[in-house]
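Reader: Walk me through the domains and the overall fold of this one. Keep it brisk.

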Amino acid sequence: MKHASIALGGAPAARPRPVAAAPKPYRFPRFEIVTLDNGLRVIVAPVRTLPVVTAPLLVDAGASTEPAGRDGVANLTARGLLEGTLQRDGNALTEQFERLGASVFSGADWDTANAGVTVLREHVEPAIALLGELALAPSFPERDIARLRAERLADLLQMRTEPRGLADEMFARFVYDPFSRYARPEEGGSDTVATLTRDDVRRFYTERYRPRGSTFVLVGDVSVDEGVSIATRTFGGWDGVVSPTAPPADAPARRTRAAHLVRKADAPQSELRVGHIGLPRRHPDYFRVMVMNAVLGGLFSSRINLNLREAHAYTYGAFSGFAWRRGAGPFVVSTAVENDVTADAAREILLEIDRIRAAPISADELSLATSYLGGVFPIKYETTDAIALALAALAAYELPIDYFDTSRDAVRAVSTADVLDAAQRYLHPDALQVVVVGDASQIRAPLAAMALGPMLEYGADGVEISGD
Amino acid sequence: MRIPIESYRLSNGLVVTLSEDHRAPIVAVNLWYRVGSANERLGRTGFAHLFEHMLFQGSEHVQANEHFELIQRAGGTLNGSTWLDRTNYYETVPSNELALALWLEADRMGALLPAMTQQKLDTQRDVVKNERRWSMDNQPYGTWSERLPALTYPPTHPFHHSLIGSMEDLSAASLEDIAQFFSTFYRPDNAVLSIAGDFEPAQARALVEQHFGAIPRGASPVPPLADMTLPPRFGATHREVVPDTVMVPRLFLAFRAPVFGSDEYYAGSVLGAILGLGKSSRLQRVLVRQSEIASEATAFTFDLSQGADLLVIDATARPEVSSDALEAGVTQVVDAVRRDGVTGAEVERAIALIETAFVTSLQSAGERADKLSMFAAMFDDPRLLNEQTDRYRAVTVERVNAFARERLGTDNRAVLLYVPKHGEEGEPDEAEAASGAAR
């Protein structure tokens with residue numbers, strides 16, 4: 001056997017852990033923001049690592065901007081963009097994109113609708129010309145809108161046997177006041193989706209797909225001048241203004257703790273969701289809350305996962321998170337656990353929430369969270385796709401222009417006292433809703449014995465089952 | 001699209017590949033061990049994957065879960081994964097932490113066993129059982145990934161059995177199994193180490209030698225797998241109908257396919273993309289858009305480089321569509337391709353999409369490192385990464401049509417059909433009828 005002895009400074013046999021050299025500097029890719037005459041904001045980030053460009057158009061037409069009773073129209077409209085234009089039908093349109101090798105996407109989340117492409121440099125111009133065509137002159141064929149509606153209804157039907165999606169949806173329903181848009185599925189529930197028509201889609205499109213209030217992002221192998229010129233050529237003739245809407249109400253369904261048991265017969269595991277209403281994205285304590293959550297349950301090495309997975313082996317994984325939206329999205333702890341430890345797992349989650357509110361975290365825990373969140377930046381933004389998403393968030397939440405240059409320092413400035421303060425201020429043990437999707441016959445009694453508050457039971461359709 | 005690639009071998013047999021790129025201050029470290037579920041012995045299904053979990057439970061100089069903690073503290077990301085024919089471990093870190101990543105990987109390659117305890121094994125066994133429940137037993141259609149290989153590889157073939165493993169076999173795994181598996185497969189001469197991103201080659205080479213150079217090669221050769229060779233076709237249509245807790249039918253239609261890396265593989269891969277990649281693929285156009293039989297339909301390959309690969313069509317029925325109609329619809333698309341062939345435009349579209357996806361994936365240092373490890377581990381030649389685009393571009397209509405004629409016939413189909421179990425909504429009576437038709 002050959003013994004290599006390149007060991008620096010005569011390292012002892014015990015293989016000491018290497019000490020890192022000083023980190024190299026990193027800056028988020030430079031970008032420029034130009035507003036066209038018609039009000040469209042254009043953000044160009046030249047990232048010339050590989051001959052790839054990602055270019056999404058972002059419109060203020062997310063689910064939270066839908067008219068009352070029209071849940072699902074935002075998603076249907078965004079997806080409908082790919083179904084054809086005044087010049088060509090959906091088949092021809094997607095084929096044109098794909099013959100350029102362009103991967104084309106469209107969809108809507110709570111805050112934004114988007115349509116975009118990722119394409120090799122050599123095909124940028126024709127691909128973005130097609131994108132302009134579908135964004136500015138969609139035809140929304142009757143038949144294809146009906147098909148997309150039917151596909152959404154099929155998804156909803158399938159969710160009744162898919163415990164993860166079902167648990168997320170039920171959690172939102174039990175946490176938010178029924179009048180809040182956040183209480184109902186982002187892509188709409190079957191009651192409203194079934195009634196959506198092509199006219200609803202057209203009307204929503206006409207009202208909300210306008211340049212003033214929208215953003216076009218180009219990231220990749222393209223210069224600022226080129227990007228602006230492509231944007232002007234493509235979207236310069238577009239006109240109109242989209243009116244801002246208020247974010248959804250964040251009133252809770254109930255102010256005190258309760259348990260909600262959704263029946264899934266013979267399930268070998270319980271899907272568990274524990275949480276309450278969280279905070280809006282533009283919150284002054286955003287970074288404190290992010291660090292606090294990283295210690296509580298945001299990482300593999302967080303308290304909740306080390307407790308539930310590594311100490312107790314209740315689960316394959318357990319995590320917590322704040323869903324950041326324009327309005328106050330939920331805070332939720334999510335896990336899937338074996339039936340016979342369902343109540344124990346819920347108890348440990350509640351204990352961890354109490355614990356992080358009771359005493360300061362250790363300096364070690366703080367440094368793990370802040371050095372991860374700060375250090376992972378260059379890895380998080382390796383691809384044109386990830387950078388485009390980050391710039392889309394910058395636009396959607398109107399974050400400061402130097403946000404990506406200052407946020408690492410903002411994370412590193414958070415102290416253990418800040419974390420304790422954030423935990424005490426923004427985690428509300430008495431308001432937690434404990435939602436379990438599982439085999440009621442096995443888990444009902446142990447959950448009831450925990451005395452979490454009122455315990456309610458539901459079918460897989462979310463309809464309460466009384467007197468049982 | 002070419003990236004710089006260097007490759008060499010340490011005296012203990014460890015293959016090292018390097019790909020330098022200074023555009024971001026990060027570096028990816030990736031290890032492929034040539035061991036997967038195929039190497040498991042009888043009665044120990046799931047062991048390769050359970051073992052992967054144990055590699056995060058510490059080693060001589062690393063505490064349990066400290067690997068995760070140290071990498072995350074460094075601002076890095078990490079994980080591992082197990083497949084039929086390989087297991088990989090990887091981290092991407094800020095480039096000043098390259099030594100840490102190498103030190104951690106070397107410690108568990110060289111000195112895992114001192115850290116293994118019965119309690120850690122018991123815990124990870126339960127974690128993996130919960131992973132099985134989560135990904136398979138409590139998910140609609142979740143068992144497809146173990147049923148399809150079982151249906152398409154003969155019972156004695158190394159790819160036949162379950163990757164995640166049976167609950168019984170997971171229960172039976174012992175510390176002695178850990179020790180034996182470790183000394184048999186986790187050794188430098190059965191591994192590839194790849195480093196991609198921001199590093200100085202001379203320094204990286206020195207660090208690799210420093211951390212891995214003294215790890216001894218295996219005492220005896222890695223035991224060969226049972227003969228993996230299979231005829232090019234199944235010889236019949238295999239069939240399994242699974243009544244499950246699902247609301248709508250879903251069909252997996254698989255074809256035995258040439259191994260990953262062969263010339264024929266690329267024709268098959270292009271055919272798969274013609275059938276099921278992108279919104280204007282055949283399955284999307286015909287089944288989702290036109291006849292509205294399916295709500296989703298895709299195609300993919302397993303990318304196995306030994307024995308035989310699988311080309312798989314995956315289609316989910318619309319709620320009002322019976323499983324018979326779904327199967328008939330997919331079969332018609334396949335028959336039409338086989339009978340009438342594909343067009344030049346379809347081949348061009350498929351290659352263009354594959355190429356964009358490939359180039360886009362190379363933006364990530366972790367992806368570059370993983371692909372280098374793959375080509376080095378499977379073909380002893382990481383430079384094949386730079387030939388992928390050309391190999392796809394060389395595929396012609398004639399080669400795709402020849403593939404379709406040879407491989408898509410009724411003598412080479414495996415039908416795995418999930419139907420709603422009696423009592424579910426949707427099609428209450430269909431399950432019984434369908435079960436009756438099963439072989």
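Author: We take chain A by domain, then chain B as a whole. This is a predicted model: local features need pLDDT of at least 70, side-chain atom pairs count only at pLDDT 80 or more, and totals for chains, interfaces and linings use all residues. Residues are numbered from 1 along each chain as its sequence is written, and chains are lettered from A and ligands numbered from 1 in the order in which they are written.

Reader: Into which domains is chain A divided?

Author: Domain bounds come from an automatic or database domain assignment. Here domain 1 covers 32-235 and domain 2 covers 258-398 + 407-458. Their centres, over C-alpha atoms, are 29 Å apart.

Reader: How many residues does each domain of chain A bring to the contact?

Author: Contact is set by C-beta atoms, placed from the backbone, that lie within 7 Å. Domain 1 of chain A brings 31 residues, domain 2 of chain A 25 residues.

Reader: Which element gives the most to the domain 1 side?

Author: Elements are DSSP runs, numbered from the N terminus: helices (H or I, at least four residues) and strands (E, at least two). H5(A) gives the most, 10 residues. Helix H5 spans 163-175, and strand S3 (52-59) is among the other elements giving two or more.

Reader: What is the radius of gyration of chain B?

Author: The value is taken over C-alpha atoms; the globule rule is 2.2 Å times the number of residues to the power 0.38. Chain B has 23 Å, which agrees with the value near 22 Å for a compact globule of 439 residues. Its C-alpha box is roughly 60 × 50 × 40 Å along the principal axes. Chain B holds 16 helices and 11 strands.

Technical notes:
Contact = placed C-beta atoms within 7 Å.
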